[in-house]
Amino acid sequence: MPFPGIQQPEVIQLTEELRLKQYDGHFEKALPGYQDPVVYQNSEGIFDESKIPGLDYVKAMCEYLDKHGELYFVEAWEDGAWTPVGDVTVKPENPPIAIWYGKYRGRGLGKLVMQAVIRRLGEQGYPKITGTTVYKWNPASLALHRRLGFSIIRETDTEYYLERDLKEEAENMEEIRLNTSQLPEMAAKLRAGQRVLLSGRAYTSRDAAHKRIVELLDRGEEPPFPLAGAAVYYAGPTPAPDGMAIGSCGPTTSVRMDPYTPRLLDLGLRCMIGKGRRSAPVVEAMKRNGAVYLCAIGGAGALAAQCITECRVIAFEDLGCESVKALTLKDFPLIVGIDSLGGSILV
């Protein structure tokens, strides 16, 4: 059953385009997925296609899982709407994951979902995940579980039984309070999936400002702020309303800055804040320089503004909202999207 006395989250966001959505009784959404022979075989160990389940089976399965754990549908943002593409049940014994459609397999979605299960169980203080079953005809699933720290404790002719210690996750569930002045030392120590409350000085800079900064560097001139150890927030805040230091200040899609970023990282930039994926050259430059990429919550610019206590324009005022601004952050909530080893929560 759901954890006693604990409210199940309605949504657990995995990335901008992927999330877990609390099961709402619409079991019929799972029927097309479980009528895929691959899904049915990997969940039930049954090869006989004549036994592919119908609606009654799917209903009974969803009701059972909803009673014995936190059942979520895995949803992807498709054509302007959230679309169910799989399911997962968070429970400490053999938490089942099913990715229903082939186009979502082999893209890292299973890893994101299992990482969310590990975090959720760690938050609730469970010491381990036990009894996880992987069929021997599914080597990709076994490899995924092993990469995420599961150990084989026994096997049969057809199955592996795995276990995963959660003590480390329980110890690391607390948010890390970090000041930007600590980034030269701490950026390389952060790991993908950790939650950070960031305080201190950061600078806004989007693609237009990045282009100008690189032009300054090309001419042998100094950038508008010291790059060594700096944190850059990819944002173009709106004007400040009365009583606020800044207006809405949500993250910009980070890939727009990728053409300029490796050079800035090589010159000392240690932290980038934005949303979405990064290119391979950026990740390689992060690994080369011990830098970190932190993800802010998209669509929550007003919330972000409450964590900024000071804002002043320091360069390129003619760019308006895209001018470079010096910000003072106070417990700005972030997630480590990509770490200095190349570890990532992004698909």
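In the predicted model, I12 stands opposite L20 of strand β2. T15 likewise has a partner in this strand, standing opposite L18. Strands β1 and β2 (residues 18-22) pair in the antiparallel sense, over four bridges. The connection from β1 to β2 is a hairpin of two residues.

These two strands belong to an open sheet of five strands. The strand order is β1-β2-β3-β4-β5, and the pairing is antiparallel. Strands β1 (11-15) and β5 (97-99) form the edges, each pairing on one side only. From one strand to the next, the twist averages 25°. Helix α4 packs on this sheet. The helix touches β1, β2, β3 (70-78), β4 (81-90) and β5. Its direction makes about 50° with that of β4.

A further open sheet contains three strands, in the order β6-β8-β7. Here too the pairing is antiparallel. Strands β6 (128-135) and β7 (151-155) stand at the edges. Each has a single partner strand, so one side of each is left without a neighbour in the sheet. Neighbouring strands are turned by 30° against each other on average, direction ignored. Strand β7 pairs with β8 (residues 159-165) in the antiparallel sense, over four bridges. Within β8, E163 stands opposite S151.

Helix α2 spans residues 37-44. Its N-terminal end is capped by D36. A side-chain oxygen of D36 lies 2.8 Å from the backbone nitrogen of V38. In α2, the residues V39, Y40 and Q41 are buried. The cover over the buried residues of α2 includes helices α1 (31-34) and α3 (55-68). Strands β5 and β6 also contribute to this cover. G45 follows α2, and its phi is positive, near 70°.

The largest nonpolar core holds 59 residues. L14, L20, L109, F225, L265 and M286 touch the most other members. Helix α4 (residues 109-123) gives the most to this core, with eight residues. Outside its sequence neighbours within four places, F225 is in contact with Y203, I213, A230, V232, I314 and V324. Another core, of 26 residues, lies apart from the largest one. Its members include L198, Y233, C249 and A304.

The structure holds zero disulfides. For C271, the closest cysteine sulfur is in C295, at 11 Å. Because the sulfurs are 11 Å apart, C271 and C295 are too far from each other for a bond. C271 counts as buried, at 0% relative accessibility. C307 is likewise in no disulfide. The nearest cysteine sulfur to that of C307 belongs to C249 and is 10 Å away. C307 is buried as well, with a relative accessible area of 11%.

R206 lies in the loop between β10 (195-204) and α8 (207-218). Its relative accessible area is 14%. The cut-off for a buried residue is under 20%. R206 therefore counts as buried, at 14%. Leaving aside neighbours within four places in sequence, R206 is in contact with Y234, A235, G236, T252, R256, M257 and E322. With T252, the side chain of R206 makes a polar contact, side chain to side chain, at 3.4 Å. P251 is 45 residues from R206 in sequence. In space, the two are 9.8 Å apart, C-alpha to C-alpha.

Technical notes: Residues numbered from 1 in each chain as written. Predicted model: local features only at pLDDT ≥ 70, side-chain atom pairs only at ≥ 80, totals over all residues. Heavy atoms only, no water. Buried < 20%, exposed > 50% of the residue type's maximum accessible area, 1.4 Å probe, protein only. Contact = heavy atoms within 4.5 Å. Polar contact = N/O pair within 3.5 Å; in protein donor to acceptor, adjacent residues only side chain to side chain. Core = buried A, V, L, I, M, F, W, Y, C linked by side-chain atoms within 4.5 Å. Disulfide = S-S within 2.5 Å. Pairing = 2+ DSSP bridges. Axes fitted to C-alpha atoms, helices over the stretch in contact; angles between N-to-C directions.
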